[in-house]
Amino acid sequence: MVLAGLALLAEHTLAATTQRWFERDAALRADLVASVARPALLAHWAPRESGALRDLLETIARDERITAVAACDADGSMLARTDLFPEAVSCSGLAPHLRQQSGTPAQYTEVVELPEGPLHLSAVPVGDGTRTLGFLVLVHDLSLAERRGDAARKFVLVAFFILAVAGAMLGVVARRMSWRSWTFELRRLARGEGHRPEFRPLVRDVQELVDRLRSESEQRTEHGSWTAERLRQTLAFHLRGEKVVVLSNREPYIHERAPDGRVAVLHPASGLVTALEPVMRACSGTWVAHGSGAADRETADAKGRIAVPPGKNDFTLRRVWLTRDEERGYYYGFSNEGLWPLCHIADARPSFRKEDWDAYVAVNERFANAVCDEADAEDPIVLVQDYHFALAPRMIRERLPRATVLTFWHVPWPNSERFSICPWGPELLEGLLGSSILGFHTQLHCNNFCDAVDRLIEARIDRERHAVVFGGRSTLIRPYPISIEWPDQTALSSSPPAECRAQVLRELDLPAGTLLGVGVDRLDYTKGIEERLLAVERLLERHPQFRGRFTFVQLAAPSRTVIERYRRLNQTVEELAARINGRFGAAGYRPVVLLRAHHERPEVFRYLRAADVCYVSSLHDGMNLVAKEFVAARDDERGVLVLSHFTGAARELTEALIVNPYDLDQASAALATGLTMPVEEQRDRLRSMRALVAEFNVYRWAGRMLEDAARLRDRERLAGRLSELRTGRSA
Ligand code: ADQ
């Protein structure tokens, strides 16, 4: 294309130039001929000499480029002319042009278009030195110029074509030669025959990439959905079985001392732990967390390490010890009185204190050191969890520049205006940008994060790659909606739902036929527990048919009770339950049962399997795993989920009855609809939600992040190799 365009341009320019050259040449030639022939011309310059003059003109016209010649006197009368002199050209027509020249007459030239073609006319004055006797008209055939132009054009086109073909062939030959030698080397080395050292690392990377792509496509066709086994294979194939180090505040197993003095293992009520524990069971590696249990030290070794789950020893838990002051400043203070309310729109003001910030920085440093301590390579895979460790990614990167740091933010990310409330916002952003990948539950939270970066620090947002470039490094910002294991092991080992129901009714001393509503949460103001109980109250107000028949059971794990706002919540929830029970309760009937305690997982599942309705009423929630646990628990395809619009889960579980928890009329109407929903509709809705959670399970969440990390590592490795090769060559 480019060559063709160039050829056309050259052809056009050449034609115009040839024409100009030819005209100038004709004018010069005419002048020369006239001056050379002047003596002979003067000798015969008279009408009576027209015969001799004509012979002389014929002699001049023998020049192949001169078509015809005529001699004109000063008045414009024709004295003589050659045979081919065009009829259309007259001496009288040209004479005025010569006379118009000021001073002595000068040559006049003109191109005329005649039926026989374009002709160039040159009228050259002829004088004896004292006066002008007349002028000689020389006619040049311009078609000659055109013919030459054509020939030149053809030449140019042919030349361009030949040049293009020759260039392309040269390129192909050169490339083939270098490719052949390059691929020859690669093939030799891939077969293990090669000896050129500079190729070896590159070949290994390419070979691994090919293996990985092959295994990925095989896995996709063979396995379909994500499972623990597939996650294990992903780690083995994509990340060469490298050790994973997880960092979170909450530990997955807490050793407490029971009242009878024995040590008991507790599983904390934490969405983060619920999601990550099965991932770590599949991946093995080390989980670094705060050792918060009273019997934690005595059950761990001197380094704070212990193999878990107890009896199975799938992975190592490395406990980090904190003083009371550190815990107060870093955990209760900056994390839970500052960042938690900052990130949730739930009517609680964040408090930011300098001493809390200092503790947060120091504790992040301590945990980052523990992570680096646990890493057994220069480029470990580190999974940093949640808002407690916003600074750790950068600290880890400073110690281990080649680490792949995947950070997941489990709570919402607020809009940039709200985020800018935090006095240390820029430091938090810069800390998080030490990550290779930063994940959120939803695209909205990713966008909010990028807006905050845009507003508060000097970094470039690469919207095409969904990345932030800061300090010469880029961090991918991606949504990875979190989930639960599938199939859920607790659901698999639970009693049939009818038995669970009978057991729960027995435990709570409720009559058979009771309509059962269930809520399961940490006692946190973001979970909308007050609004939930108010909706129950509105239900009983507006739908009297449920009085005496409907009981709502709230499982509420005490949480962060050191903080005043949480203590207040404890109280208001208790007062609300008492008020509703006072209004609608009767002998043997309690509309609200508040079970304020930590429950082990099988117990939670028993309640979820027993429920007619499960109400998740968060005022703002990153995802909310209780909603997904209810779906997993209901293998009988019975029960209805009423779900707050303000959870990440509402974007996935669209067959739930989605409500605004602040709108008590709407929420209570949804509870009534749920309690009267035909069994077929319950089944259809649950079937669809179960299919979704089965597919979008926590192995997929972790697998997708690890696959993205593997791609990143491949790219970085290849880029490193290539730059090594380049610098090696140029050295
Ligand atoms: P959490 O705020 O902890 O998680 P959630 O996702 O609902 O909220 O998980 C709570 C977990 O604790 C569930 O596994 C639940 O079964 C368990 N639990 C709740 N109450 C309990 C009780 N009384 N006894 C025992 N166990 C109880 C944070 C974010 C969420 C996000 C998760 C995961 O706030 O938005 O979904 O992390 O990313």
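Analyst: A helix axis is here a line fitted to the C-alpha atoms of the stretch in contact, and angles run from 0 to 180 degrees between N-to-C directions. The model in question is predicted.

User: What makes H6 oblique to H7?

Analyst: The axes of helix H6 (residues 228-238) and helix H7 (residues 271-283) come within 8 Å and cross at roughly 55°. Angles under 35 degrees count as roughly parallel, and the roughly perpendicular range is 65 to 115. The crossing angle belongs to neither class, so H6 is oblique to H7. The crossing is right-handed.

User: Which residues of H6 and H7 meet?

Analyst: From H6 come Ala228, Leu231, Arg232 and Leu235; from H7 come Val279, Arg281, Ala282 and Cys283. Six of these contact residues are nonpolar, two are charged and none is polar.

User: Why is Ala632 called buried?

Analyst: The relative accessible area of Ala632 is 5%, and buried means under 20%, so the term applies. Ala632 lies in helix H20 (residues 625-633). Beyond neighbours within four places in sequence, Ala632 is in contact with Ile484, Trp486, Asp488, Ala491 and Arg690.

User: How do you know that the span of helix H14 agrees with its number of residues?

Analyst: Helix H14 (residues 443-456) has 14 residues, which at 1.5 Å a residue should span 20 Å. The end C-alpha atoms of H14 are 20 Å apart, so the two values agree.

User: What do the buried residues of H14 pack against?

Analyst: These residues, among them His445, Phe449 and Val453, pack against helices H12 (416-419) and H13 (425-432) and strands S14 (437-440), S15 (460-462), S16 (467-470) and S17 (473-479).

Terms used:
Residues numbered from 1 in each chain as written. Predicted model: local features only at pLDDT ≥ 70, side-chain atom pairs only at ≥ 80, totals over all residues. Heavy atoms only, no water. Helix = DSSP H or I, 4+ residues; strand = E, 2+ residues; numbered from the N terminus. Expected span 1.5 Å × (residues − 1). Buried < 20%, exposed > 50% of the residue type's maximum accessible area, 1.4 Å probe, protein only. Contact = heavy atoms within 4.5 Å. Parallel < 35°, antiparallel > 145°, perpendicular 65-115°, else oblique. Left-handed = near helix turned anticlockwise from the far one by under 90°. Nonpolar A, V, L, I, M, F, W, Y, C, P; charged D, E, K, R; others polar.
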